[in-house]
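Here are some short exercises on rings and empty space, each with a worked solution. Have a look at the model before you start.

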Amino acid sequence: MFVTGIRRIVIACIVFFLLLQAWQAFVNIPWWRLTDIHVEGTLYWPENVFMQQLSIPEGKSIFIINTHELKKQLEKLPQVKQAKVYRALPSTIVCDIVERRPWARTLLNGTLVVLDEDGSVLNLTGVQLIGVEKLIEFKGINSLSVLEPFAKKFKQSVEKLQNCFPEQQLTVEVIGPYEINVRVNKQLLIIWGMEDRVEDKARV
């Protein structure tokens, strides 16, 4: 019995070793070497914004590349809400991205800063956003530490005004820590004031 058990263990080790060698030979076939990376689902940001953030070894087999790690790299980016990474035979990695929707913009020290609908900063890189001119513009804020809480505070007011003036360019002018004015198409001035009685103001 003891000898039979040893024999079975030896045979199992040999089989495992042969399977491992076969797998290594398979994944290293030149057909599987990475030749292309596709980024899909981008609506607001150029593909190269995401490509530059990925750490992908060139010339490696797509079966060796850790797609789960690439997914984590993408989802750490502020522009990305959700990502899916998968292999496409014979030699492509596909990154399918759901972006956070840009909502507003401002300039801080000459750098374009973009906010999402939750008032969180999406970029500080100066990367050109696709369709940036359509975003709500914030003016009069000169500090990042002020920008996010301010945008979140006045989010309800700005959304109400956006609903009142669909397809129009809104510019939010900060006139104090708790007050705003809003210009529509840089002409019509709305003296909005504080974030109170939002529903009443919107009806007016």
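**Exercise 1.** Is F63 buried, partly exposed or exposed?

*Solution.* This is a predicted model, in which local features need pLDDT of at least 70, side-chain atom pairs count only at pLDDT 80 or more, and totals for chains, interfaces and linings use all residues. Residues are numbered from 1 along each chain as its sequence is written, and side-chain values use heavy atoms, with hydrogens and water left out. Buried means under 20% relative accessible area, exposed over 50%, and partly exposed in between (1.4 Å probe, protein chains only). The relative accessible area of F63 is 25%, so F63 is partly exposed.

**Exercise 2.** Work out how W32 pairs with its ring partners.

*Solution.*
1. Rings of Phe, Tyr and Trp (its six-membered ring) pair if their centres lie within 6.5 Å; planes under 30 degrees apart are stacked, over 60 edge-to-face, the rest tilted.
2. W31 and W32 have centres 6.3 Å apart and planes at 85°, an edge-to-face pair.
3. W31 is exposed at 63% relative accessibility, while W32 is buried at 11%.
4. W32 and F63 are also edge-to-face, because their centres lie 5.5 Å apart and their planes at 85°.
5. W32 sits in the loop between α1 (2-27) and β1 (36-40), and F63 in the loop between α2 (47-51) and α3 (67-75), so the pair ties together parts 31 residues apart in sequence. Helices (H or I, at least four residues) and strands (E, at least two) are DSSP runs, numbered from the N terminus.

**Exercise 3.** Which residues do ring pairs link into a cluster?

*Solution.* The cluster consists of W103, F138, F150 and F154. In total, the structure holds five aromatic pairs.
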